[in-house]
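Biologist: I have a new model open and would like a walk through its charged residues. Can we start with one arginine and go from there?

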Amino acid sequence: MSGQGMAGNREFSWRRWLSIALRTLHLVGVVLAGVAFLGGGAHAVAGVALMLLSGLALFALDLWQRPDYWREVAGAFILVKLVVLVAMLAAPGLAALLFWFLVVASSVVSHAPHNVRHRRILG
């Protein structure tokens with residue numbers, strides 16, 4: 001392990017490639033879930049499971065690297081996404097609308113400037 005720049009950050013040599021692989025799986029899950037929620041496909045469970053597992057793995061990786069990540073906008077937004085995902089499953093009639101909310105809000109948060117994404121909002 002070697003530190004990268006900011007105090008408290010942890011890094012390992014293949015973290016970047018692991019993150020890319022997990023993000024790729026996450027997008028596959030999003031597409032599968034989107035097809036199911038928007039087109040009535042049969043892959044909702046597989047898509048949601050892949051989104052959830054890969055998303056939690058990405059969150060764990062981010063928390064390992066920066067333990068205070070959950071206190072930042074990007075980290076706290078993970079909790080919002082989990083609540084919306086549960087709402088999609090609990091209220092299938094709203095699933096399509098909630099799916100688009102997640103796609104748009106996730107894009108905004110993940111592509112916002114660094115000082116917005118990593119602004120501390122909790123604690």
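**Charges, a patch and the overall fold**

Modeller: Arg71 counts as partly exposed because its relative accessibility is 22%, and partly exposed means between the cut-offs for buried (under 20% relative accessible area) and exposed (over 50%), using a 1.4 Å probe and protein chains only. Keep in mind that this is a predicted model: local features need pLDDT of at least 70, side-chain atom pairs count only at pLDDT 80 or more, and totals for chains, interfaces and linings use all residues. Residues are numbered from 1 along each chain as its sequence is written, and side-chain values use heavy atoms, without hydrogens and water.

Biologist: Okay. Where is Arg71 placed?

Modeller: Arg71 sits in the loop between α2 and α3. The helix labels come from DSSP runs (helices are H or I with at least four residues, strands are E with at least two), numbered from the N terminus.

Biologist: And what is Arg71 in contact with, leaving aside neighbours within four places in sequence?

Modeller: Arg71 contacts Arg119, Arg120, Ile121, Leu122 and Gly123, where contact means heavy atoms within 4.5 Å. For Ile121, the C-alpha atoms are 5.8 Å apart in space, although the two residues are 50 residues apart in sequence.

Biologist: Which residue forms a salt bridge with Arg71?

Modeller: Asp68 does, with 3.8 Å between the closest N and O atoms. A salt bridge here is a side-chain nitrogen of Lys or Arg within 4 Å of a carboxyl oxygen of Asp or Glu. Side chains of opposite charge can pair when their charged atoms come close.

Biologist: Which other side chain meets Asp68 in a salt bridge?

Modeller: Arg120, at 3.9 Å from N to O. That pair links distant parts of the chain, 52 residues apart: Arg120 is in the segment after α5 (114-117), while Asp68 is in the loop between α2 and α3 (73-90). Asp68, Arg71 and Arg120 are therefore described as one linked network of salt bridges.

Biologist: How accessible are Asp68 and Arg120?

Modeller: Asp68 is partly exposed, with a relative accessible area of 38%. Arg120 is partly exposed as well, with 45%.

Biologist: How many salt bridges does the structure hold?

Modeller: Three. Among them is the one between Glu72 and Arg66, at 2.4 Å from N to O. Both Glu72 and Arg66 are buried.

Biologist: Now the unpaired ones. Which side chain of opposite charge is nearest to Arg117?

Modeller: Glu72, 7.7 Å away; Arg117 is buried and has no salt bridge. By charge, Lys and Arg count as positive and Asp and Glu as negative, with His and the chain ends not counted. Arg117 lies in helix α5. Beyond four places in sequence, Arg117 touches Glu72, Val73, Ala74, Val109, Ser110 and Ala112.

Biologist: What about Asp62, buried or exposed?

Modeller: Asp62 is buried and has no salt bridge, with Arg23 as the nearest side chain of opposite charge, 4.5 Å away. Asp62 belongs to helix α2 (residues 44-65). Its contacts, not counting residues up to four places away, are Arg15, Arg23 and Tyr69.

Biologist: Change of topic. Which residues form the nonpolar patch on the surface?

Modeller: Leu38, Trp100, Val103, Val104 and Val108, which together have about 450 Å² of accessible area. Patch members have over 30% relative accessible area and no salt bridge; nonpolar side chains (Val, Leu, Ile, Met, Phe, Trp, Tyr) are joined within 5 Å, and like charges within 9 Å. Areas come from the Shrake-Rupley method with a 1.4 Å probe, and for residues only the protein chains shown count as cover.

Biologist: Which helix gives the most to the patch?

Modeller: Helix α4 (residues 95-111), with four residues. Trp100 is in that helix and is partly exposed, at 46% relative accessibility.

Biologist: Last bit: how many helices and strands are in the chain?

Modeller: Five helices and zero strands. The C-alpha trace spans about 45 × 30 × 20 Å along its principal axes. Of the 123 residues, 34% count as buried. The accessible surface of the chain is about 7,600 Å², and 72% of that belongs to carbon and sulfur atoms.

Biologist: And what share of the contacts with a separation of 6 or more comes from residues 24 or more positions apart?

Modeller: They account for 64%.
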